[in-house]
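I opened a notebook page for this structure and kept my entries in the order in which I looked things up.

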Amino acid sequence: MRNNLEPKVEKDLRVSKIKIAVVGSGPAGLCCAGELARKGIKVTVFEGLHNSGGVLRYGIPPFRIPRDVLDFEIDYLKKLGVNIIPNFIIGKAKSLDELFKEGYAAIFLGLGAGIPSFLGIGGENLCNVYSANEFLTRVNLMSAYKFPRSHTPVNIGKHMVVIGGGNTAMDSARVALRLQVMNGIKPDTTILYRRTEVEMPARRLEIEHAKEEGVKFQLLVKPEEFIGDDSGLVRKLKCLQCQLGEPDSSGRSRPVEIKGSDFELDCDLAIVAIGLKANQILTKATPELKVDQYGDLVVDAQTMETSIRGVFAGGDIVGGEGTVIEAMGMSKKAAQGIITYLLEE
Ligand SMILES: Cc1cc2nc3c(=O)[nH]c(=O)nc-3n(C[C@H](O)[C@H](O)[C@H](O)COP(=O)(O)OP(=O)(O)OC[C@H]3O[C@@H](n4cnc5c(N)ncnc54)[C@H](O)[C@@H]3O)c2cc1C
């Protein structure tokens, strides 16, 4: 960024001038777009949201990914000639067939996993029980921390509880605590997790940073029921204490409930951060796209081609560890798969 270097182009005259469509502008879509554009290929990225970056924009807070760095990367792609069309949902506004008919020679799908999982316990529909996705999107993408200068509000509680032990839970807790401080509320944000810190899927550094900021941790605790008041607002969370049992299919020790250990926590805002599932608008609208039991796209491991010829995929939509670096790795492989496909056709 400091050296303001010019984008590196290695035009491949065999494939330059060809049009490729990329669906989704998260790290998978953007990385694939960059790889292809550097070969001189004309890339159009379709993004459902009004701003690009995927989770890097709407999920991960700016204090972890500064937005000037993200904007710099996206501007770099634009300098390479990548055209990004926001507010455009493929599967609703246009189908894959229509993209092919418009002359796109191949399509890359970087749809991500943005559908939140819920606990399925009583009271989860009470007001002020948010999914982590909604909470983070309101704050990060829609700038709810500036409300009413921004259009989107977000509620802030005196006793905020975040359920989960992954990076999403850590980000949600740190954002929640910062909102309390910004609004003159005594910080009181607690992470609840069913196992111990050893089994937490979050990166160690994220756990340490959350602790440093003052986020409290209650471990070996399982939420049982949200309890509300007469106006439908959450007020308490009933929980059960757990202990570690035998390892489960993930290899981590299973949390075993301790009978009769029920207790209640003060909780006037809860954020459920227990996992995300594949975005399914496009896959549901395109039955020829083969998906597995989780709704993830099935791809060829070498080329990243889906069950439709000329349609490739990478990132969270094909499963895996669900990290940025893995999404980028898959999309680089897919870009290579696309170039090989173009040369064969
Ligand atoms: C809060 C949070 C914190 C995280 N922290 C870390 C971390 O510290 N380190 C790490 O490595 N990973 C982290 N991850 C995971 C990482 O962000 C993801 O693995 C990564 O973003 C996946 O990239 P992607 O491009 O596949 O999907 P996404 O980033 O989800 O992008 C997909 C994009 O596609 C768009 N889209 C979907 N369907 C359509 C459609 N039909 N038409 C048009 N557009 C569509 C979506 O709007 C979205 O913008 C975190 C995730 C979350 C939620």
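**Entry 1, strands.** I started with strand S1 (residues 19-23) and strand S2 (residues 42-46), which run parallel and are joined by five bridges. Going from S1 to S2, the chain passes through H1, and I noted that this β-α-β crossover is right-handed. I should record here that I am reading a predicted model. Within the S1 and S2 pair, Val23 is the residue that stands opposite Phe46 in S2. I then followed S2 to its pairing with strand S3 (residues 83-85), which is also in the parallel sense and runs over three bridges. On that side, Phe46 stands opposite Ile85 in S3.

**Entry 2, domains.** Next I looked up how the chain is divided, and found domain 1 (19-114 + 278-344) and domain 2 (116-276). Their C-alpha centres, those of domain 1 and domain 2, lie 30 Å apart. Where the two meet, eleven residues of domain 1 are in contact with nine residues of domain 2. I sorted the side of domain 1 that touches domain 2 by class, and its residues divide into six nonpolar, three polar and two charged.

**Entry 3, helix H5.** Is helix H5 (residues 132-141) largely enclosed or largely open? I found that eight of its ten residues are buried, so H5 is largely enclosed by the rest of the structure. The buried residues of H5 are Ala132, Asn133, Phe135, Leu136, Thr137, Arg138, Val139 and Asn140. I also looked for what covers these buried residues, and the list includes helix H2 (55-58), strand S5 (115-116), strand S6 (129-131), H6, strand S14 (269-272) and strand S15 (276-277). After H5 comes Ser143, and I noted that the phi of Ser143 is positive, near 55 degrees.

**Entry 4, the ligand.** Last, I turned to the residues around the ligand, of which there are 38, and asked which of them come nearest. They are Gly24, Gly26, Gly54, Gly112 and Gly315. By class, I counted 17 nonpolar, 17 polar and four charged residues in the shell around the ligand. Helix H1 (27-37), helix H6 (167-182), helix H8 (281-285) and helix H9 (324-344) each supply at least two residues of this shell. Both domains take part as well, since the shell draws at least three residues from each of domain 1 and domain 2. Looking back over my pages, I see that H1 appears twice, in the crossover from S1 to S2 and in the shell around the ligand, while H6 both helps to cover the buried residues of H5 and supplies residues to that shell.

Conventions: Residues are numbered from 1 along each chain as its sequence is written. This is a predicted model: local features need pLDDT of at least 70, side-chain atom pairs count only at pLDDT 80 or more; totals for chains, interfaces and linings use all residues. A residue is near a molecule or strand if its C-beta atom, placed from the backbone, lies within 6 Å of it. Helices (H or I, at least four residues) and strands (E, at least two) are DSSP runs, numbered from the N terminus. Ala, Val, Leu, Ile, Met, Phe, Trp, Tyr, Cys and Pro count as nonpolar, Asp, Glu, Lys and Arg as charged, and the others, Gly among them, as polar. Domain bounds come from an automatic or database domain assignment. Two strands pair if DSSP finds at least two bridges between them. A crossover is right-handed if, with the strands pointing away from the viewer, the path from the first strand over the helix to the second runs clockwise. Two residues are in contact if their C-beta atoms, placed from the backbone, lie within 7 Å. A residue is buried if 20 or more other C-beta atoms lie within 10 Å of its own, exposed if 12 or fewer, and partly exposed in between; C-beta atoms are placed from the backbone.
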